Each structure stands twice: as structure tokens, then as C-alpha cells.
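Biologist: I have a new model on my screen. Shall we go through it step by step?

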Amino acid sequence: MVEKGHLLTRFADDWVILCKTRREATQALRDAKEILESLGLTLHPEKTQITHISKGFEFLGYKVKQAQKGLRLPSHKIKKGPNKLNLYAIPTQKSLDRFVGTIRNRTKRRVPLKLNELIQSINPVIRGWGNYYRKAHVRRLFNKLQRWILRRIWSHRCKRWRNAGWKKYPVKMLYEVYRLENLTSLIPDLNQKTASI
């Protein structure tokens with residue numbers, strides 16, 4: 001594909017070909033089919049598509065898209081240069097649902113764990129998922145998820161509806177004493193002062 005002049009990004013058997021025009025994209029698709037057929041392989045019919053960057057595409061758990069308007073963040077919070085094409089990447093809905101489902105299963109009220117055991121069981125999930133997506137456009141998403149995780153922990157510890165878990169287990173205690181992983185602190189482009197909840 002590279003010999004045919006295509007700009008290809010590949011990871012294992014997943015790949016993306018970036019083109020300037022639809023005509024180039026159609027030719028790239030033809031070339032890919034031809035090369036793969038010579039190897040006895042075929043393209044996955046559901047995953048293979050030609051799309052414009054404004055509509056976006058999914059690749060390796062990311063949804064990559066071009067924003068209609070500029071992505072805005074105060075300059076004092078940005079550590080790297082501006083994004084001239086307004087491109088951004090976010091976790092796919094499938095990946096987000098899988099993460100939320102895992103945390104939900106591990107923090108069910110019926111799970112008989114002490115608080116430190118509960119946090120030890122969810123920390124690797126938070127750290128792994130957060131580190132994978134930390135360079136994407138996830139500041140608001142991570143903040144939202146982090147608050148949800150806190151509510152799940154409070155709900156696990158204090159079973160009653162409208163519990164006062166936040167009084168018994170304040171946020172500072174969960175992070176500093178029980179060493180709960182903080183999703184927002186994993187984002188490298190934000191100053192550490194802005195990463196706290």
C-alpha cells in the first residue's frame with residue numbers, strides 16, 4: 001500500500017488510509033481489496049468504509065472526528081500547541097460502556113469487600129483505561145466519570161438511598177488515605193492543580 005503511494009496507519013490487522021479526496025479513497029479501497037485478495041484475505045464488510053473526517057471514524061477504541069467549531073480550553077491549561085484542524089479523539093461508546101460496566105459490577109452493593117479492597121479492585125481498571133485514553137479529548141468525560149466513581153463507592157459503603165457517604169468518606173480521604181486512582185490526574189496536558197475534583 002505504501003508503494004502505491006497511500007498514507008497508511010496500521011496496528012495488527014486494523015488500519016486506516018488517509019486521503020485528500022473521495023476519488024483517492026475509492027482507489028485506495030480498490031488497491032487494498034486487490035492486495036488482500038492476492039494474499040487470500042478479505043476486508044471486513046462492516047468495519048470497512050469510506051468516510052469524511054467531519055463524520056469521523058473509529059480506530060482502536062477511539063472515535064476520531066473534526067469539530068465544527070474550535071475546541072476551546074483556557075491557554076494556561078494547555079501544555080502543547082493548538083490544533084489547527086480542530087481534530088479530536090474520544091473513547092468509542094463501546095469502550096466507554098465496557099469501562100462503566102466493569103466499574104459497576106465491581107462496586108455493586110452486594111459485593112462483600114472492605115473499602116480498601118474495593119478501591120484496590122477498581123484502581124487497575126481506572127488506571128489502565130485512563131492511561132489508554134488520557135491523550136484524547138477527555139477532560140469533561142474524565143471529570144464526569146470520576147464523580148460517578150465516587151458516588152458508586154459511597155453507595156457501596158452506605159447502602160441507604162440518599163446516603164451520607166460523602167461525610168463518612170470525604171473525597172480527600174479516598175484519594176490520600178485509600179489511594180483511589182484519579183482519572184483527571186492522568187491527563188498530561190492539564191496542570192496538576194486543575195486535575196483535582
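Biologist: In what order do the 3 strands of the open sheet stand?

Modeller: Keep in mind that this model is predicted. The sheet is open, and the pairing in it is antiparallel. Its strand order is β3-β4-β5.

Biologist: Which strands stand at the edges of the sheet, and why is one side of each left without a neighbour?

Modeller: Count the partners. Each edge strand has a single partner strand, so one side of each lacks a neighbour in the sheet. The edge strands are β3 (57-59) and β5 (87-91).

Biologist: What does the twist average from one strand to the next?

Modeller: Step across the sheet, strand by strand. The average twist for such a step is 30°.

Biologist: How many bridges join β3 to β4?

Modeller: Strand β4 covers residues 62-66, and β3 and β4 run antiparallel. In this pair, Phe57 faces Val64 in β4. The number of bridges joining β3 to β4 is 3.

Biologist: How many helices and strands does the protein have?

Modeller: Start at the N terminus and follow the chain. The elements come in the order β-β-α-β-β-β-α-α-α-α-α. The count is 6 helices and 5 strands.

Biologist: What share of the residues is buried?

Modeller: A residue is buried if its relative accessible area is under 20%. The protein has 197 residues. The buried share is 30%.

Biologist: How much of the exposed area do carbon and sulfur atoms supply?

Modeller: Take the total first. The protein exposes about 14000 Å². Carbon and sulfur atoms supply 52% of it.

Notes: Residues are numbered from 1 along each chain as its sequence is written. This is a predicted model: local features need pLDDT of at least 70, side-chain atom pairs count only at pLDDT 80 or more; totals for chains, interfaces and linings use all residues. Side-chain values use heavy atoms; hydrogens and water are left out. Two strands pair if DSSP finds at least two bridges between them. Helices (H or I, at least four residues) and strands (E, at least two) are DSSP runs, numbered from the N terminus. Axes are lines fitted to C-alpha atoms, for helices over the stretch in contact, and angles run from 0 to 180 degrees between N-to-C directions. Buried means under 20% relative accessible area, exposed over 50%, partly exposed in between (1.4 Å probe, protein chains only). Accessible areas come from the Shrake-Rupley method with a 1.4 Å probe; for residues, only the protein chains shown count as cover.
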